[in-house]
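I set out to record what I looked up in this structure. My entries follow the order in which I read it.

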Amino acid sequence: MNGVKVFFFVSCCLFLCGCSKVKESITKRHLSYHFDAPAGVWEETFPLGNGRVGLMPDGGVEDENYVLNEISMWSGSRQNTDNPAAAGALPEIRRLLFEGRNGEAQELMYQTFVCRGAGSGGGAGAEKPYGSYQLLGNLRLAYALGNEGAEISGYRRELSLDSAVATVSFKKGQTTFRREAFTSFAADLAVIRLCTDTEKALNLAITMNRPERYAVAPGGFDLQMSGRLFGGDSLKAPQGIAYGARVRAILPRDGRQILSDDTILQIKDASEVILLVSMATDYFGKEVNGQLDSLFRAVEHKKYEQLKSEHIAAYRQLFNRVRVDFGRVKEKEALPANRRLEAFRQDGNDPSLMALYYQFGRYLLISSTRPGSLPPNLQGLWCNTVQTPWNGDYHLNINAQMNLWPAESGALPELHLPLVEWTKQQVESGRRTARVFYGARGWVTHILGNVWEFTAPGEHPSWGATNTSAAWLCAHLYNHYLYTQDSAYLAGVYPVMKEAALFFTDMLTEDPRSGYLVTAPTTSPENTYIMPDGTRAAISAGSTMDNQILRELFGNVIEAAGILGIDGDFAKTVASMQERLAPTAIGSDGRILEWLEPFGESEPQHRHVSHLYGLYPGREITPDRTPDLAEAARKTLEARGDESTGWSMAWKVNFWARLHDGEHAFKLLADLLAPCMTSEFNYVKGGGTYPNLFCAHPPFQIDGNFGGAAGIAEMLVQSHNGYIEFLPALPAAWASGAFSGLRVVGGGEVSARWQNGRWQAAGLKSHVSGNFRIKLPDSRFKMSVTLNGSPISYPVTDGILEVRLQPADVLEIRR
């Protein structure tokens, strides 16, 4: 007995020490990437952000530009999108669909079932009521470096993920220049430090601008840029968003400031300069100048070292929750980012690049959203134009949702809340859309989303008629509950989920050809099919994705009602309708059908793989519970192909991880990391990764970064299937490694260590009281188990270890 006790004690110590060493080694490695030259294009600049404001410095030697961003910097305004012809045309549209006259139904929709007005402007809505996310402006620093004729040497530009600080250093002649920048998580403003090792060697001119709608004026020795964005229909002259940015220079040691022409701030003969940059809009109802004043007042007595240390401490409260280690190749880590990507494309041997990419995804999420703010948009927080691609909006047929995929598993649950609150904000508008377009109760939204509660169908039915976006958003509402087990939170979001389901209890209609309830009209997002007469169409009566999402919505509402002990009758209604949805079907070629009829595919390698929603992010298809559907999903993916847009490849990483195929998931990750621009900055075919690690659709869309990060987490641990499964899709390239801090369904935090592709140890810390089930690798797995350091006996049924834990309990398993 004493020997057994010693064995368990040693196991526990080895496991804990091993995890501690992994954390220590990752910290020492300094998670960062760098360049050996200034940015030549925006996609080489570093993204800095604190969830509200952002900077993107290009690191120019003599002329340096900082792109300024603020998450609510939107043109446009709320508008009336009602189309009174829609509900009246709905019965005829459905009749045509049920008679197989889909082309005619689609033409009728173009005439009647679109939003009033210009909609999103075809993705160019900056001067439309729909609006566009825009850059706030540019902060430009023009340096007079001196040492005329001396060469620039030792240039290095680096972004530290450990501290969320960007640095630039170089020498001109014998003088060393160093610059640091961060967007403070503590002070809520941007901070830039310029210094040199030669006294009084800093001379520069500071200006601000943007492409339109701005004015620059002095305020003491501050410079302020302000203006008002386009607000909508000029005939009605609604007020657009007001914005402002203010820069203040502090000279801690020497030098002087001069205002020139009221628009240029000159710094002369300084040894150190601190620039504070505050940014604000009135989107949330607060006056701009008051916000700018308040931000400066809060830091006026703080030195740079304090600002920096408080920023890093606040940031690390989020970032340091998770550690991953897949091994390293030191010579690859020493390469500038653009050359490192190119080297990985050649040999695929850079395991720490994958770990960096995962943590970069978490970094971007931490930097682009926070509680009380807006969720990350198509470009997260960062853009450098007035007309951002696709308006930088919230595309709701996957893209906005993909942005939050890594939140729960990546130990950032509070960063899910901005999307939760944004979803709640759509409900009132969505009720009106449900009533006007469908004559239905409840609420609905379609593919387009912005900060103005746009919930109507888009201006083109071929992509704008997707009507399950609210249901998909509600999956995120419930997923946050599944990970946190917070019943008070669930009570707060349940009404939103219920009303989304209520809409479909009215909207679903029986297809007389099959007897199933269908969403009619609808689409399979952005895809088209070939009709029997050879013509192409997008509008259909039902789609596989719709049915998978609705089964999930109905199931979540039923389960939530049971947990809360309410709405029993409504749950029964929803359950009866759930049974009448067509099941996911397998076609004669062994693949999952995308539509409810075996239509021909007009684009077999289409970027959307919507009919596999039930595989990921849904829970309907799993290799264990539905092996036939899982095999059909595999065949579907093989036919769809790997090469696609960046975000599509990221989605496929998650698909293959759910199919437990680590090699194919790794192959997709490698494709996702393929450099998308050559050294001459030319676009190449397909998606990939820009030099600054932004994901390329192309152009830049941040969803691919988030989807790729989520996929890496899925390769390491899965918990959607009723149990925790460690290393379900481990590729050979990650033969040995470790992770800690990932989260699982049920309210747990997990860690693991492996060697030569085999489990060595795993840990589970419970954040709540609950039952946990852990799938063991195989029946031959010999292990020791401790609970809070003491050996325990444990039941294992069908390869599943079951245990009940209390808050803060730590379960450890060691081979």
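The entries below cover the source, the cores, one helix and one sheet.

**Source.** I worked from a predicted model, in which local features need pLDDT of at least 70 and side-chain atom pairs count only at pLDDT 80 or more, while totals for chains, interfaces and linings use all residues. Residues are numbered from 1 along each chain as its sequence is written, and side-chain values use heavy atoms, with hydrogens and water left out.

**Cores.** I looked up the largest nonpolar core (buried Ala, Val, Leu, Ile, Met, Phe, Trp, Tyr and Cys residues joined through side-chain atoms within 4.5 Å). Buried means under 20% relative accessible area, with a 1.4 Å probe and protein chains only. This core has 237 residues, and L553 is among those that touch the most other members. Helix α14 (residues 487–507) gives the largest share, 12 residues; helices are DSSP runs (H or I) of at least four residues, strands (E) of at least two, numbered from the N terminus. Apart from this core lies another of 12 residues, including V165 and F296.

**Helix α17.** I noted that α17 spans residues 627–640. Its buried residues include L629, A633 and L637. Seen down the axis, the buried residues fall within an arc of 160 degrees (taken from the directions from the axis to the C-beta atoms), so they line one face of the helix. They pack against β22 and α18, contact being heavy atoms within 4.5 Å.

**Sheet.** I found 7 strands in an open antiparallel sheet, with β17 and β32 at the edges. Strands pair if DSSP finds at least two bridges between them; β28 and β29 pair over 8.

Note on methods:
Buried < 20%, exposed > 50% of the residue type's maximum accessible area, 1.4 Å probe, protein only. Expected span 1.5 Å × (residues − 1).
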